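These are my notebook entries on a structure that I had not examined before. I record what I looked up, entry by entry.

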Amino acid sequence: MIRVHIHLKVTNLNSSREFYQKFFGVPPVKLKSDQLKFLPALAPLNLTISPARRGERGGGSVNHLGIEVESSAAVEEQLRRVKSAGLQTREQLNVNCCYANQSKFWVIDPDDVEWEVFHVNHDLVEKHGGGIEQSRTRLATPVEVIDAETCSVTGFADKT
């Protein structure tokens, strides 16, 4: 399934859970102490919510935007297309991040808005690894564990 992914930083995770559960009419499909995930039936949307860290602005500021695609092959196809268009990318294929093993890549728009194109290979019990939550076949390739306490982008070269 293809759906838009939005990750919001919020001031109060519990208040946001209550609001979005009422707004979408469904409970979160992932409920962790530091992250919620909604997949509402009313729209092709993957809404992830996490609390703002100390010093960060909360209150609905956007962490990043994303497009979830149907397979890792689709991620790689879009990656080739975007690179051939001349955009700078950061690849994170087969990484553990945000309670899931994912294949993804990132771009940053001219106003520094981060976008990811991604596929969830399987859900994880812990934020950066530590057990598969749903029974799916393990990936045969090694898994890169990123230093992504916040699952945010790091390592882009300076824009030219």
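Entry 1: the helix α1. Which residues of α1 are buried? I looked them up in this predicted model and found L13, S16, Y20 and F24. These residues lie on the same side of α1, because they cover an arc of only 60° around the axis. I recalled the general rule here: an α-helix has 3.6 residues a turn, so residues three or four places apart point the same way. On the other side of α1, I noted N14 and K22 as exposed.

I then asked what covers the buried residues of α1. The cover includes four strands: β1 (3-10), β2 (30-32), β3 (35-38) and β4 (45-51).

I also examined the length and the ends of α1. The helix spans residues 13-24, which makes 12 residues. From first C-alpha to last it reaches 16 Å, close to the 16 Å expected at 1.5 Å a residue. At the N-terminal end, N12 acts as the cap, with a side-chain oxygen 3.0 Å from the backbone nitrogen of N14. After α1 comes G25, and I noted that its phi is positive, near 80°.

Entry 2: the strands β2, β3 and β4. How do β2 and β3 run, and how many bridges join them? They run antiparallel and are joined by three bridges. One pair that I looked up is K30 with its bridge partner K37 in β3. The two strands form a hairpin, with two residues between them.

I found that β3 and β4 also run antiparallel, with three bridges joining them. Here the bridge partner of F38 is L47 in β4. The hairpin that joins β3 to β4 passes through six residues.

I next inspected the two faces of β3. Both are covered: Q35 and K37 are buried on one side, and L36 and F38 are buried on the other. This fits a general pattern that I noted beside the entry: in a regular strand the side chains alternate between the two faces of the sheet.

Entry 3: the helix α2. I read off residues 72-84 for α2, a run of 13 residues. Its reach from first C-alpha to last is 18 Å, close to the 18 Å expected at 1.5 Å a residue. Its buried residues are A74, V75, L79 and V82. They are on the same side of α2, because the arc that they cover around the axis is only 140°. The face turned away from that buried side carries A73, R80 and S84, which are exposed.

Against which strands do the buried residues of α2 pack? I found β6 (90-97), β7 (100-108) and β8. I noted G86 following α2, with a positive phi near 95°.

Entry 4: the residue L124. I located L124 in the loop between β8 (114-123) and β9 (144-145). Is L124 buried or exposed? It counts as buried, because its relative accessibility is 4%. I also compared its position with that of C97: the two are 27 residues apart in sequence, and their C-alpha atoms are 8.8 Å apart in space.

Entry 5: the whole chain. I counted two helices and nine strands. From the N terminus on, their order is β-α-β-β-β-β-α-β-β-β-β. The chain has 160 residues, of which 42% count as buried. Among contacts with a separation of 6 or more, 56% are between residues 24 or more positions apart. The accessible surface comes to about 9100 Å², and carbon and sulfur atoms account for 52% of it.

Conventions: Residues are numbered from 1 along each chain as its sequence is written. This is a predicted model: local features need pLDDT of at least 70, side-chain atom pairs count only at pLDDT 80 or more; totals for chains, interfaces and linings use all residues. Side-chain values use heavy atoms; hydrogens and water are left out. The expected span of a helix is 1.5 Å times one less than its number of residues. Buried means under 20% relative accessible area, exposed over 50%, partly exposed in between (1.4 Å probe, protein chains only). The arc is that of the directions from the helix axis to the C-beta atoms. Contact means heavy atoms within 4.5 Å. A polar contact is a pair of N or O atoms within 3.5 Å; within protein, one must be able to donate a hydrogen and the other to accept it, and residues adjacent in sequence count only if both atoms are side-chain atoms. Accessible areas come from the Shrake-Rupley method with a 1.4 Å probe; for residues, only the protein chains shown count as cover. Two strands pair if DSSP finds at least two bridges between them.
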